[in-house]
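I am opening my notebook on this structure and will write down what I looked up, one topic at a time.

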Amino acid sequence: MMTDPVQPLAIALSRCGKTFADGTRALEPLDLEIKAGETVVFLGPSGCGKTTTLRIIAGLEDPDAGGRVLFDGVDVTAQPIEQRNVGMVFQSYALFPNMTVAENIGYGLRVRRAKKPAIAARVDEMLGMMRIEPLADRRIDQLSGGQRQRVALARALAVRPRALLLDEPLTALDAKLRDALRLEIDELLRRLGITAIYVTHDQAEAMALGDRIAVMDHGKMAQIGPPREIYRRPATRFVADFIGTMNRISGVARGGVFVTDAGAVPWLEAPPGTTEALFRPEDVTVVDEGQAHLKGSVVAAFFLGDRTRLFVKVDANKPLVVETDARRDYAHGETVGLRIDPRGLMAL
Amino acid sequence: MSRESARLFALLLPAGVFFLAFFLLPLARLFAIGGSGKEGFAAYAAIVSDANYFSSLMSTLALAAMTTITTLVISGISGVFLQRHKFPGNALLVSMLTFPLAFPGVVIGFMVIMLSGRQGLIGDIAMYLTGEKIVFAYSMAGLFMGYVYFSVPRTILTIMAAAEKLDPRIEEAARSLGASTWRVVFDVILPGLKPAFIAAGAICFATAMGAFGTAFTLATRINVLPMVIYTEFTLQANMAMAAALSFVLGAVTWLVLAIARTAAGSTVAAAG
């Protein structure tokens, strides 16, 4: 359907920091390379610097002195956003309320003084791509949130931008619509092969969309890597806690076994001196007490339909979270045996 | 159903009586007095046929239109600027801009004379620089200056309130699509401020059409309709003509505002 010659853009940040006029440090000097055609998700809680980084790349904010933004190796730090040719999609949609859907989509081409028939053809193409043809002549206030974000995407892509920058594009939508549009955006980005940077605080979105995820915290890049790596080998406690659910149990690694108050877990590769083992809920199975590594008592059990989420108290720390199949009931206070897959064990 | 409408009618009655007593009846009376002179209702035609009246109507309209446009340009630029750029003294400047709100037209006229009258500041400076005195207080130019001064405080707060509600993301979206600063102004900021411009502009226009104090202070010879009405009423004792002119002044102002609103209405509605 799309016949654009795709020439994806490689983006690099070099020592890009941001200090605001009032002295607050929004971003510590940061180096980052984004490969051509890659989708990188900036993930983190609000105020972590992810939007600031995006705005520096877009050209909406200047980095502090010494910071440089490179597009395909060319320094664009001094270029304002209107010369960078990047598409932007905002959480608030930011559509022009005084224009129709078609006028919104064609705006970038009108600014570029494209010929009328060329604009009309491109607008039709974008309407088709986002499957919103019937909305062409609607006013913006007649659209639902999901429709508005589709128009915003079409508007950003109509000018064939060098990269697509999305700032929490799905946050304002309700859960069901969010899932549907996420799928659509994922499919769109892959089909276009465009370099995309996606800012979100939602880890499920980040996992689903990112070729790489950059987890940010307090103006610093905590970790950057493919979703699997971020999930399986978190580099810091912050990443471990922010992404998914993480269980912790304290003990001592001794001769290939991690010994805790609630039992011992075989762990051959335990780094020397480890005093805390981390593992994900899905790496724990409920077993007979005879085969169990750990024993604990159930403090809560939530039936989720396809599975049951158990909270099991094994020591004085926070209860362990265990995902188990939903075929049996668990009583409050019941003692259960837990077996941990050694491949899922991590130390920090 | 009919009981319901009877109830609604009863509830509306006090407002209706009030409207009738204090709006429709005086207006009808004014209209009737306008036709009570020796030419009868032909007095109304005199506004168009009498060159003097007609030119005063035209110059009043031109003055009000010029005042409105100039005021909106000044308030629009400074209102958006003051809203967007917070600097030390910003709040003080905004409150100073609204300081003249309470001044009556007489005081404004007095200030215009002090600035550009025979002993005025502009005249003195021009005298010093060029050897020639510039005096324009006692003319349409002086009146225009006074009206703009009078109108800016009345419009700037409305513009600032509207500017605060503009979503900066829309401007950023336009820029990301390649729009220059000027295109952003014309495609995003001005359409966004349009409702405020219409509201503020209507008040500004109507005030300039009917203002009297400033004109009266500057010179009795200034040919604007409120002055003509005053002259007819007090000096010529021509009650009928004064009433007819008053009615026309009100009607013309109302008509211009209605046309402006309708012309802007479709786009305002589209802006949601």
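I began with the two domains of chain B, whose bounds come from an automatic or database domain assignment: domain 1 (1-34) and domain 2 (44-271). Between them they bury about 540 Å², 80% of it on carbon and sulfur atoms, where buried area is the accessible area (1.4 Å probe) that two parts lose on being put together, summed over both. In domain 1 of chain B, I noted that L30(B), F31(B) and G34(B) lose the most area to domain 2 of chain B, together 72% of what that side buries.

I must keep in mind that this is a predicted model, in which local features need pLDDT of at least 70 and side-chain atom pairs count only at pLDDT 80 or more, while totals for chains, interfaces and linings use all residues. Residues are numbered from 1 along each chain as its sequence is written, chains are lettered from A in the order in which they are written, and side-chain values use heavy atoms, with hydrogens and water left out.

I then looked up contacts (heavy atoms within 4.5 Å) and found that five residues of domain 1 of chain B touch seven residues of domain 2 of chain B. I counted zero salt bridges between these domains, a salt bridge being a side-chain nitrogen of Lys or Arg within 4 Å of a carboxyl oxygen of Asp or Glu.

Next I turned to the two chains, where the contact takes 25 residues from chain A and 19 residues from chain B. The area buried there is about 2000 Å², of which carbon and sulfur atoms give 57%. Here I found two salt bridges, and E172(B) and R55(A) meet in a salt bridge through their side chains (2.7 Å, N to O).
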